[in-house]
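Q: I'd like to learn how to read a few features in a structure file like this one. Could you walk me through them, starting with the terms?

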Amino acid sequence: MRIVPGRAADTRSEQRPATVTGEAWFDPILPTADGTTITTVFFTPGAHTYWHTHEHGQILQVLAGQGLIRTDGEPPRTIRAGDTVWVPAGERHWHGAAPGSSMTHTAISLGVTRWAEAVTDYPGAADA
Ligand code: MN
């Protein structure tokens, strides 16, 4: 058993520009243990992930703000503070902040995350 502190003394927020469009900050909560990784992500308005999949699925808990999430082949859906999302294994999707709101979620990722291309039609973006 391991108890992980809410924020370890040596933890630093980081940006991941290779997998996110716009400005987002990642705070590691649980570094990968038995294939599970927990991270809190703060997205500035309109910032969002690239398309990706999770080997064994992902749980998102929206802590603040309003965001968007989209499964490939379906319309984007709104997510708000208090919502919990289950993303099934292998389902191609993206998630991020709504154009007019920041959004913070905790992401519990199961297995390997596989990253694909940037989203080209994000709602509210200049190129949408
Ligand atoms: Mn995801």
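A: Sure. Start with accessibility: buried means under 20% relative accessible area, exposed means over 50%, and partly exposed is in between. Keep in mind that this is a predicted model.

Q: Let's try that out, then. Is glutamate 14 buried, exposed or partly exposed?
A: Glutamate 14 has 34% relative accessibility, so it counts as partly exposed. Arginine 16 comes out at 30%, so it is partly exposed too. The side chains of these two meet in a salt bridge, at 2.8 Å from N to O.

Q: What's the general idea behind a pairing like that?
A: Side chains of opposite charge can pair when their charged atoms come close. The cut-off here is a side-chain nitrogen of Lys or Arg within 4 Å of a carboxyl oxygen of Asp or Glu.

Q: How many salt bridges does that rule give?
A: The count comes to five. One of the pairs is aspartate 27 with arginine 7, where the closest N and O atoms are 2.6 Å apart. Aspartate 27 sits in strand β2 (residues 24-33) and arginine 7 in the segment before β1 (20-21), so this pair ties together parts that are 20 residues apart in sequence.

Q: And how accessible are aspartate 27 and arginine 7?
A: Aspartate 27 is buried, with a relative accessible area of 15%, whereas arginine 7 is partly exposed at 48%.

Q: Which residues are linked in a network of salt bridges?
A: Asp72, Arg92 and Glu117 are. Within it, the side chains of arginine 92 and aspartate 72 meet at 2.8 Å, N to O. Arginine 92 is in the loop between β8 (84-87) and β9 (93-97), and aspartate 72 is in the loop between β6 (58-71) and β7 (77-80), so the pair ties together parts that are 20 residues apart in sequence. Arginine 92 is partly exposed, with a relative accessible area of 27%, and aspartate 72 is partly exposed at 41%.

Q: On to the metal. Which residues coordinate the manganese ion?
A: For a metal site, list the donor atoms, then see where they fall along the chain. Here the manganese ion is coordinated by NE2 of His52, His54, His93 and His95, plus OE1 of Gln58, at 2.1 to 2.2 Å. Along the chain, the donors follow the spacing H-x1-H-x3-Q-x34-H-x1-H.

Q: Are histidine 54 and glutamine 58 buried or exposed?
A: Histidine 54 is buried, and glutamine 58 is as well.

Note on methods:
Residues numbered from 1 in each chain as written. Predicted model: local features only at pLDDT ≥ 70, side-chain atom pairs only at ≥ 80, totals over all residues. Heavy atoms only, no water. Donors = N, O, S within 2.8 Å, 3.2 Å for Na, K, Ca; no water. Buried < 20%, exposed > 50% of the residue type's maximum accessible area, 1.4 Å probe, protein only. Helix = DSSP H or I, 4+ residues; strand = E, 2+ residues; numbered from the N terminus.
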